[in-house]
Amino acid sequence: MAFLKTQERTKARFSLLLLDLEEYYFEQHTAYHVTTSSKKERKVRGSFKVCSRSVIFDPEDPEEPILKIPLRDCKKIEFVDRENNPFNEPRPSAISILCVQVIYIKESNVIAPYRNERGPNQVTFQLEGWSKTEDVVQTLLQLHRASCLEKLGDQTAMIAANLQSRLARSSFDKNCFQSVAEKPHMECAVEMVMPLVSNPGHVCITDESLYFQPLNGYPAQVIQIELHRVRRIYKRRHGLRPLGLEVFCTENNFCSDIYLKFYKTADRDEIYYYIATFLENHVTEHTAESYMLQWQRGHLSNYQYLLHLNNLADRSCNNLSQYPVFPWVIADYTSVRLDLTNAATFRDLNKPVGALNKERLDQLLARYRGMPEPRFMYGSHYSSPGYVLFYLVRVAPEHMLCLQNGRYDHADRMFNSIGDTWKNCLEGATDFKELIPEFYGNDCGFLENKLRLGLGRRQNGSLVGDVVLPQWASDTSDFLQKHRTALESQYVSEHLHEWIDLVFGFKQRGSEALAAHNVFHPLTYEGGIDCDSIEDPDQRIAMLTQILEFGQTPKQLFTIPHPQRITPRFQNITRSPSSNSPVSDLSPASQSEDSSFEDLTEESRKLAWANIGNLKLISSHKIHKEAVTGIAVSLDGAAIFSTSQDTTLKMFSKELKDFQRSMSFSNMALSSCLMLADGKTVVCSSWDNNVYFYSVPFGRRQDTLMGHDDAVSEMCWFDERLYTASWDSTVKVWQCASDSSSSHKRSQFQLLAELEHEAGVNTIGLNPAGTLLVSGCKDGAVTIWDTSSYATLQQVHCHTGTIHHTAFSPDSRHVLSVGADSCMQVTDVQTGMVISTVKAVEQQRCFCWDGNSVLCGGQSGDLLLWDLLSNTVTQRIPAHSGAVTAMWMSELCSTVITGGEDRQIILWKLQS
């Protein structure tokens with residue numbers, strides 16, 4: 001189980017979990033526990049461990065119990081000098097401890113609640129290296145004084161001073177380097193963080209590896225992570241402060257390889273950026289938006305996406321206060337069969353757990369309204385250390401014992417039944433917990449009492465054993481398999497974004513959280529309180545402890561509504577009674593025969609884009625005197641039309657491989673061109689504020705539309721409507737009479753709408769259905785319009801300079817824009833959220849894309865093939881000697897024509 005990954009490094013009985021919370025293990029010495037009965041001395045060999053708040057003796061004999069003596073319960077600690085009486089056998093020096101409590105752990109080598117023996121007790125230890133005895137006693141006396149201080153803040157400060165003194169007197173042992181050729185970059189003092197505990201030591205980073213060397217040599221003398229194995233690194237909040245760093249050597253595992261807490265943010269940042277720089281050429285850095293794009297398009301499962309969001313939101317399996325949180329998705333734990341085609345089977349993902357029961361919610365709201373500030377609806381959180389261990393006690397019993405001072409919870413409050421737990425989350429007055437990733441994993445150990453733990457006896461007389469499963473699950477493996485299927489089901493895929501809005505998104509805080517009944521205690525939110533501003537150390541520690549034990553809300557990742565997932569067509573999900581269909585019956589609905597041709601075309605496009613890197617240059621032609629600005633192709637593909645800043649429209653014959661006509665409409669540059677649906681008319685836009693109509697059969701200009709007060713930058717045509725964009729900050733929509741034949745007269749164009757912008761419009765594009773228009777401006781704003789109402793749907797200032805080109809994805813769900821800031825931005829049409837940002841090394845001037853891959857024309861003149869899911873350039877194809885300024889792609893994506901500042905047009909063909 002991933003949760004226990006850090007514990008697998010050692011099989012020893014001793015564990016840091018035997019310490020109190022916030023306690024440190026400093027040093028160990030081989031020693032003997034000496035007891036005397038009937039004048040007979042008995043010695044038990046083992047390890048004497050000095051900790052910041054206790055002494056622990058770990059015997060070598062596993063049948064002997066581990067002894068723990070809290071220093072606060074010690075009345076006297078003294079050094080007993082060795083005895084050299086010639087008449088008696090010599091006795092080595094010893095440590096004598098008079099205490100009022102001894103705690104016995106793992107008696108008979110069984111994990112069980114601790115046994116506390118109270119009352120006066122004299123305990124004696126002899127160190128094997130007896131010469132160190134006096135020094136160890138002095139250390140214990142110093143730590144004893146700290147434990148007996150009245151104020152917790154003073155105790156903590158004195159122990160921290162002792163720790164820092166130890167760290168300052170030691171350093172990383174460079175003999176531990178894997179290679180003598182390694183070059184160290186930096187080292188500093190840190191703590192390795194594990195669930196509930198941390199271990200101080202030194203970190204050292206070299207040009208090859210990251211090393212951690214524990215101060216106490218536990219669990220190993222050194223832990224090494226080779227930098228070439230690192231896949232992800234995250235900065236973390238630890239104790240509400242920016243001191244954490246987590247390193248992963250896997251892509252999809254939610255448990256990291258090491259989590260370090262630094263004492264200085266600057267040290268953390270230096271090592272973070274050193275590793276990040278090393279990874280730049282090896283690993284792609286992902287953002288919430290880039291993961292969202294992958295998830296939306298089906299490249300990430302719901303499970304994988306939630307793991308990535310948890311990671312980005314500071315959730316870690318090494319920090320139980322910020323453990324990854326997953327949703328309850330099933331609401332039916334009573335049926336004999338699980339029907340995943342029935343929406344009633346599922347939990348309402350649009351509501352937090354506390355709002356799922358209306359009667360309980362009404363009571364909570366009544367209390368909320370009468371509450372003084374700061375007000376909150378729920379008195380407990382949906383994720384906390386106690387809830388995590390509630391679920392995991394069967395595989396992490398020592399963690400539960402550590403958290404609860406050596407005891408398990410009452411047997412009737414344990415995780416006994418999945419159905420009962422869900423019912424309590426619906427009806428309990430203070431139970432609002434969500435789930436953890438293990439419920440959707442492959443390891444069913446947390447549901448089974450394989451360790452045969454004595455977890456207690458319930459009021460009905462039954463022992464706490466395996467978790468009781470719903471009737472629809474035959475065993476634990478079957479439960480997890482069906483639970484995973486439910487998480488990836490169509491219903492959850494269509495509604496998961498609603499739960500993300502609550503936990504990671506715009507409904508997490510503010511008025512939206514209030515409207516969604518999603519308000520928790522202010523201390524649970526990031527930035528809810530600055531603990532460093534609390535001057536009284538006792539109050540500060542108490543506040544921090546309260547926050548960490550109560551649980552923390554994830555870091556907010558999204559501030560606007562999260563877009564829905566693009567889901568395939570499945571059988572309809574109904575609200576009808578369950579048909580008892582098994583999970584395996586869920587299958588894609590068959591498509592109608594009428595769509596077979598469209599499907600064939602779509603398959604051809606997919607195949608073309610899968611091989612788009614195989615573009616082969618067929619021919620290149622320098623037919624203009626200035627940069628090419630637009631490309632259009634006749635319906636039969638025989639003629640290519642291009643516009644240029646040299647003021648001309650040129651007609652080029654593919655068959656003759658030569659240009660046949662050259663037309664000039666004014667003495668100013670032409671900015672774009674398009675072929676009308678009749679195949680007989682080419683429309684050109686010009687910097688002289690006009691639009692020109694050129695008749696191909698008659699070989700002459702047929703009409704001029706004088707429609708703007710500044711240069712016309714680009715045009716679109718759909719269903720007898722012309723859309724013109726201009727630097728006069730408008731886009732105008734013109735209706736053309738449907739019976740206009742091949743001769744377009746100015747009087748036959750009617751102005752339908754004028755779409756106002758705040759800056760000059762440089763580019764526009766229509767979605768395939770003609771229902772949406774996107775415009776890109778010189779001020780970096782992308783605006784999405786409804787072409788039926790001409791209403792603004794979204795406006796996003798996503799670039800810092802002029803936008804060169806923008807276009808919808810084939811499914812109309814996203815808009816891609818490129819600009820002078822060298823950024824490529826993907827905007828979600830539904831929400832207006834920028835879901836992917838790629839910073840390129842050069843400006844991209846024009847592009848074609850299929851929603852995932854982008855064929856770009858760069859400032860350098862090369863064609864670049866970008867994979868937006870990984871934000872990487874997968875191929876660079878040499879093309880023009882100047883910037884690529886125009887690009888055209890055939891409907892089946894098998895032919896590409898590009899134009900550039902080098903005055904050339906280049907024909908490309910996809911090689912099979």
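**Figure 1. Salt bridge between the side chains of Lys433 and Asp431.** In this predicted model, the side chains of Lys433 and Asp431 meet in a salt bridge with an N to O distance of 2.8 Å. Lys433 is buried, and Asp431 is buried as well.

**Figure 2. Salt bridge within helix 10, formed by Asp478 and Lys482.** The N to O distance between the side chains of Asp478 and Lys482 is 3.2 Å. Helix 10 spans residues 476-487 and contains both partners, which are four residues apart, about one turn of the helix. Both Asp478 and Lys482 are buried.

**Figure 3. Salt bridge between Lys68 and Asp20.** The closest N and O atoms of Lys68 and Asp20 are 2.8 Å apart. This pair links distant parts of the chain: Lys68 belongs to strand 4 (residues 66-70), whereas Asp20 lies in the segment before strand 1 (25-37), and 48 residues separate the two. Lys68 has a relative accessible area of 3% and is therefore classed as buried, the limit being under 20%. Asp20, with 24% relative accessibility, counts as partly exposed.

**Figure 4. Network of salt bridges around Arg236 and Arg237.** Arg236 and Arg237 are linked in this network with Glu246, Asp314 and Glu526. For the model as a whole, the count of salt bridges comes to 31.

**Figure 5. Open sheet of four strands with antiparallel pairing.** The order of the strands in this sheet is 15-42-41-40. Its edges are formed by strand 15 (615-622) and strand 40 (884-889), each of which pairs on one side only. On average, neighbouring strands of the sheet are turned by 20° against each other, direction ignored. Strands of a sheet pair through backbone hydrogen bonds, in either a parallel or an antiparallel manner.

**Figure 6. Antiparallel pairing of strand 41 with strand 42.** Strand 41 comprises residues 895-900 and strand 42 comprises residues 904-910; five bridges join them. Gly899 has Ile905, in strand 42, as its bridge partner.

**Figure 7. Contact between helix 4 and helix 5.** Two packed helices are described by the angle between their axes and by the distance between the axes. The axes of helix 4 (residues 288-296) and helix 5 (residues 302-312) come within 10 Å and cross at roughly 175°. Helix 4 and helix 5 are therefore roughly antiparallel to each other, a description that applies to angles over 145 degrees. Helix 4 contributes Ala288, Tyr291, Met292 and Trp295 to the contact, and helix 5 contributes Asn302, Tyr305, His308, Leu309 and Leu312. By class, seven residues of the contact are nonpolar and two are polar, while no charged residues take part.

**Figure 8. Surroundings of Pro120 in strand 7.** Strand 7 spans residues 115-127 and includes Pro120. The relative accessible area of Pro120 is 76%, and this residue is therefore classed as exposed, for which the limit is over 50%. Apart from residues up to four places away in sequence, Pro120 touches Cys99 and Val100. Pro120 and Cys99 are 21 residues apart along the chain, and their C-alpha atoms are separated by 5.8 Å.

Notes. Residues numbered from 1 in each chain as written. Predicted model: local features only at pLDDT ≥ 70, side-chain atom pairs only at ≥ 80, totals over all residues. Heavy atoms only, no water. Salt bridge = Lys/Arg side-chain N within 4 Å of Asp/Glu carboxyl O. Buried < 20%, exposed > 50% of the residue type's maximum accessible area, 1.4 Å probe, protein only. Pairing = 2+ DSSP bridges. Axes fitted to C-alpha atoms, helices over the stretch in contact; angles between N-to-C directions. Parallel < 35°, antiparallel > 145°, perpendicular 65-115°, else oblique. Contact = heavy atoms within 4.5 Å. Nonpolar A, V, L, I, M, F, W, Y, C, P; charged D, E, K, R; others polar.
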